[in-house]
Amino acid sequence: MIAYFSSEEALKKLKLFFSLEFDLIRHTIGYCPRIPRYLDKCQFVRHVYEDLKRSRMLRERIQDFGLAQPEKQLNEAWTNLVRHLMSAADVDLFIAAFYRVVKVEQVAAYRSYIQNALRLNDAPSVEVFEDHLPAMERQLAWGKQFVEAGSISADKEREVIKFEIEIREHIARLGNLYGGSSQENVNIETEYPDYAVPAEMELEPRFIWRSAERIYDSVNQSEEHPTHHSYTHFTELPIIDLVANIVYDGKHMPFEYLADFIRQAWDEARHSQMGFSRLRSMGVDPYQVPIPVGHYKAYTSVPLLERIAALTQVGEACSFVPKKQWTKMAIEHNDLLTALEHDYDIVDEKNHVKFGVKWINELIKKNNETRNFKQIVQDAEWKVRTGVNELKKEKGEKWQADLGPRFEGCHVSNSPLNLAPNIIIA
Ligand SMILES: [Fe+2]
Ligand SMILES: [Fe+2]
């Protein structure tokens, strides 16, 4: 039986749907560094980006009702459910509960909404869901296959099912998503603690070489060559996790902060995959090359503001001039696809530098910083550079006893943090 509802009831439902969507995008990306398999990691980030686009449309629809910032009226009981999901012991439990329980609940709620809404009167809401349901169905299929046709042992499957039941029962206690229980009549019996992002990223065993820094001569012994450039792109792999971490640790920042850095995380996954494919085209196995996991560790051990400053204002901002030379070299090798790898990368990276400027300035205000922009970038570069150098020493890689002068700007300094650094063949 169809149960028509008023605009007031529609808003109530949309607010709850948004509350869960918003909590999911700002929390679940934090699980990215715990996804060991490269292809799964990239796919997962793509999904979070799709989820962001859906959240943005839903938010715009809620704004039609005169509510400008629905993220300021989150439902705490459902936030607690998301923290419960984030308590998953490992990636197998997390993906199963997220895709086979939580996302299934969302799809069911959106279908019920479409079924019962007045199609003409409430068309803008119906369209939000109808435009995004096909992508959501593909996500459900991916998650289902991850569990059923992946590499989960029988014992692990029992743990998975136990955790799924826990999450399903928790949702039922909240009165289900379409039912839209209001916060007032839900008792939060267990407060789940905040998830903490791991200090080290996880990687599948197939990656045999985890280094502190990129090691160019392991890829190609010759003087600078296009393989080195594609290797540099592919090894933005730790940057995917680093940006995921920037989203999660900035989860109390405005909606646009999350939107910018979720987009950036997906861009980095694309850059890494472009490098992956070009390396293979040149006969280099991406699973055999050194993965500079030290980058993730060194960046994540500095505060959020400095993490963003070092990445966007040094790593990315200084990379444009060398990348233009890389494009030229690829053309000289008659390798159009590799040239276009760098060409399109620059389009994205320019945006990342802008995101950085915008949010560094916001964080300066928020943190009551006494240092100015330039000093923050200089300190950030120094701390991350020192961190990577220490890790190089620990891992027996070539390190520097004297780190040289501090960073003074892309045109003056040659920072090793540059995402298009000087290629040094030992
Ligand atoms: Fe990138
Ligand atoms: Fe970037």
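Modeller: A quick definition before we start: helices here are DSSP runs of H or I with at least four residues, numbered from the N terminus. Keep in mind too that this is a predicted model.

Colleague: Thanks! Which helix gives the largest share of the lining of the largest pocket?

Modeller: That pocket holds about 740 Å³ of space. Two elements give two or more residues to its lining, namely helix 10 (293-300) and helix 14 (373-394). The largest share, three residues, comes from helix 14.

Colleague: And which class of residue, nonpolar, polar or charged, has 14 members in that lining?

Modeller: The lining has 27 residues, with Glu213, Arg214, Lys392, Pro416 and Ile424 nearest the pocket centre. Six of the lining residues are polar and seven are charged. The class with 14 is nonpolar.

Colleague: Good to know. Which cysteine is joined to Cys318 by a disulfide?

Modeller: Cys318 sits in the loop between helix 11 (304-316) and helix 12 (320-332), and its partner lies 92 residues away in the segment after helix 14. The two sulfurs are 2.0 Å apart, and a disulfide needs them within 2.5 Å. The partner is Cys410.

Colleague: Is that disulfide left-handed or right-handed?

Modeller: Look at the torsion about the S-S bond of Cys318 and Cys410, which is about -80 degrees. Because of that value, the disulfide is left-handed.

Colleague: Why is Cys32 not bonded to Cys42?

Modeller: Both are buried, Cys32 at 0% relative accessibility and Cys42 at 2%. A disulfide needs sulfur atoms within 2.5 Å. The sulfur of Cys42 is the closest to that of Cys32, yet it is too far for a bond, at 8.1 Å.

How values were computed: Residues numbered from 1 in each chain as written. Chains lettered and ligands numbered in written order. Predicted model: local features only at pLDDT ≥ 70, side-chain atom pairs only at ≥ 80, totals over all residues. Heavy atoms only, no water. 1 Å grid on protein atoms, 1.4 Å probe; cavity = no way out; pocket = protein on both sides within 12 Å on 5 of 7 lines; lining within 4 Å. Points joined across faces, edges and corners; volume = space filled by probe spheres on them. Nonpolar A, V, L, I, M, F, W, Y, C, P; charged D, E, K, R; others polar. Buried < 20%, exposed > 50% of the residue type's maximum accessible area, 1.4 Å probe, protein only.
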